[in-house]
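Here's a walk through the side-chain contacts in this one, mostly charges and rings. Have the viewer open while you read.

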Amino acid sequence: MAVALNVGLATDAADMVLISFFLSGALKMIHLTNISKQYGSQILFKNASLQILAGTRAGLVGANGTGKTTIFNLITGEEDADGGEISRSKQVTIGYFSQDVGEMSGRSALAEVMSAVSDVVELGRTMKAMEAAMAEPMDDNAMETLLSAYGEAAEAFENRGGYDLETRAQTVLTGLGIGPADYDRPVESFSGGWKMRIALAKILTICPNVLLLDEPTNHLDMESIIWLENWLTTEFKGALLMTCHDHDFMNRVVSRTIEVAHHTTTTYGGNYDFYIQEREIRMAQLVASHRRQKEMLAKEENFIARFKARVSHASQVQSRIKKLEKIERIELPEYQKVIKFEFPEIPRSGDDVVLLDRLGKIWETPDREPKTVFTDISGQITRQDKIAVVGVNGAGKSTLLKILAGKTDPTQGRFRIGAGVNIGYFSQHAMDILDPGKTVFETVQAALPLKGIGVIRNLCAAFLFSGDDVDKQVKQLSGGEKSRVVLATILGRSVNFLVLDEPTNHLDIQSREVLLQALKDFAGTLVLVSHDRHFLRCLVDRVFEIDQGKMTAYKGDYEYYLSKTGRDHKAI
């Protein structure tokens, strides 16, 4: 998790330098012009350009490895371009949130967030010193100079939100799910996912001119995602550039989409849905132009082949050869690889898949009071149901899925699995227990020992591990790649009851769409937890909501659930 405040201006101890550091005014945004960048033989960019203009909200999209993170690093100055020009004002402040976890210890959660605005706090101290100086006798010229400097400092302090720093930090922390009871909790006591929320809170609290967010919704629950979405669209006034795998989040936050592909960038003047539609139109036009050019070239080449030996046509042949040499060939880009998967034939389960009768669960942890997760949960899951389990963070969604998957027992009540039910269970914890020394192929083969080598290789290829990729060790894989390995080991089996806890985490949007289609086609029963609202809208036909230890079943899809609970479906 990187926290960067890039102001492009060196500071020293002098108060006037500190004041000028914060002077506001007409700020130029950031321009990348004709950028070239490569690592060894891998070319990322050739003459690529993009602009970050004041107040714009842009989404950065593209396949893994195309250079999205490199663009962030070029903007912040962490990397240099091989060619081209990067222009950014010295007065621009850049807040950069990435997936790299930084060191956090020795502070409370609130103090950690406040540490990101220590420069603004220092400016406040300088203002107080200036106020004390103004109370002392001095000549008119000195007072005029001091008043002028104080006015500029006060304006900068206000622009950076200096008058409500702690309140803002508390608001952001609470919005991201860390409430007042945890403000003073030592930051090292938080898990990795919660530390990411603290790091995100630090970035949001500094009020940068340019906000760079790399997958900000990872590790956030639905409520925090909605809060962040509203904050970015209503509270944040600067420019935004972000990557995000959440379809709905992208659609609601961004008004420009920048595609990174084929060694360049292409800007589309709309949200993600607009980008998909416009990209298809442009691709259709490109394919048509390519076909027409191919037909024209074939015709010209045929003429040259027929008449090149005839003296009477020599001038015409030479003319056409020169013409062909000058024509710039239209090239069709390679399509991005995505998951292509079809479920194997599955055995039919009984109509009654799961019965929940007055179920309760209490977690007992050494040195802590027992925690009641939920009580008196009753319901029934029938064959071919596709059910979303929803609720606030900590409501017990994952605990219920663990019970359904047989990974933990209920503390009370009756729980019964129906006849012929074969369970496949996905959780984020499964990624952590993968054997780091095994290859992708060995991992999948161990999960499906009765499958032949050809079947295993085809399954790996369906989840984007082809060629030498199957020989990669798990310890070399990214989070998204590990997630795909686990999904392959589960979905490759003949299971008729899928229990999936956040299956889309770490998957890019295109892979999510293909997984979504596969789950739509799944002939068995499905229960899942997901914070991807687009996924829920398109997939589920029932909703179980856990709230304050109780569960309510809604016999309708996700939109039906929203309407029955009175929630604003435009914001959820």
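Let's start in helix α4 (residues 118-134), where Arg125 and Glu122 both sit, three residues apart, or about one turn of the helix. Keep in mind that this is a predicted model. The two side chains form a salt bridge, with the closest N and O atoms 3.0 Å apart. Glu122 has a relative accessible area of 35%, so this residue counts as partly exposed.

What about the helix itself? α4 has 17 residues and reaches 24 Å from its first C-alpha to its last, close to the 24 Å expected at 1.5 Å a residue. Its buried residues are Asp119, Val120, Leu123, Gly124, Thr126, Met127, Met130 and Met134. Those residues cover an arc of only 160° around the axis, so they end up on the same side of α4.

**Salt bridges elsewhere**

Side chains of opposite charge can pair when their charged atoms come close. How many salt bridges does a search of the whole structure find? The search comes back with 21. Here are some of them, including the α4 pair:

| Salt bridge | Closest N and O atoms |
|---|---|
| Arg125 and Glu122 | 3.0 Å |
| Asp221 and Arg197 | 4.0 Å |
| Asp248 and Arg537 | 2.3 Å |

Take Asp221 and Arg197, a salt bridge with its closest N and O atoms 4.0 Å apart. Asp221 is in the loop between β7 (210-214) and α8 (222-235), while Arg197 belongs to helix α7 (residues 192-205), so the pair ties together parts that are 24 residues apart in sequence. Are these two partners buried or exposed? Asp221 is buried, at a relative accessible area of 12%, and Arg197 also counts as buried, at 4% relative accessibility.

Now for Asp248 and Arg537, whose closest N and O atoms are 2.3 Å apart. This pair links distant parts of the chain: Asp248 is in helix α9 (residues 247-253) and Arg537 in helix α18 (residues 533-539), 289 residues apart. Asp248 counts as buried at 7% relative accessibility, whereas Arg537, at 21%, counts as partly exposed, because the cut-off for buried is under 20%. There's a network here too: salt bridges that share partners join Asp248, Arg252, Arg537 and Glu559.

**Rings**

On the aromatic side, the count comes to eight pairs. One of them is Phe72 with Tyr96: the ring centres are 5.4 Å apart and the planes meet at 50°, so the pair is tilted. That contact links distant parts of the chain, with Phe72 in helix α2 (residues 68-76) and Tyr96 in strand β6 (residues 94-97), 24 residues apart. Phe72 counts as buried at 0% relative accessibility, and Tyr96 is buried as well, with a relative accessible area of 2%.

Tyr268 and Tyr275 make an edge-to-face pair, 5.1 Å centre to centre with 75° between the planes. Both Tyr268 and Tyr275 are buried. Have a look at Trp227, Trp231 and Phe236 as well, since ring pairs link these residues into a cluster.

**Charges over rings**

Where do charges meet rings? The charged end of Lys361 sits over the ring of Trp363, 4.4 Å from its centre. Arg484 does something along those lines with Phe465, lying over the face of the ring at 4.9 Å from the ring centre.

Definitions and conventions: Residues numbered from 1 in each chain as written. Predicted model: local features only at pLDDT ≥ 70, side-chain atom pairs only at ≥ 80, totals over all residues. Heavy atoms only, no water. Phe/Tyr/Trp six-rings, centres within 6.5 Å; stacked < 30°, edge-to-face > 60°. Helix = DSSP H or I, 4+ residues; strand = E, 2+ residues; numbered from the N terminus. Buried < 20%, exposed > 50% of the residue type's maximum accessible area, 1.4 Å probe, protein only. Lys NZ or Arg CZ within 6 Å of the ring centre and 35° of its normal. Expected span 1.5 Å × (residues − 1). Arc of directions from axis to C-beta.
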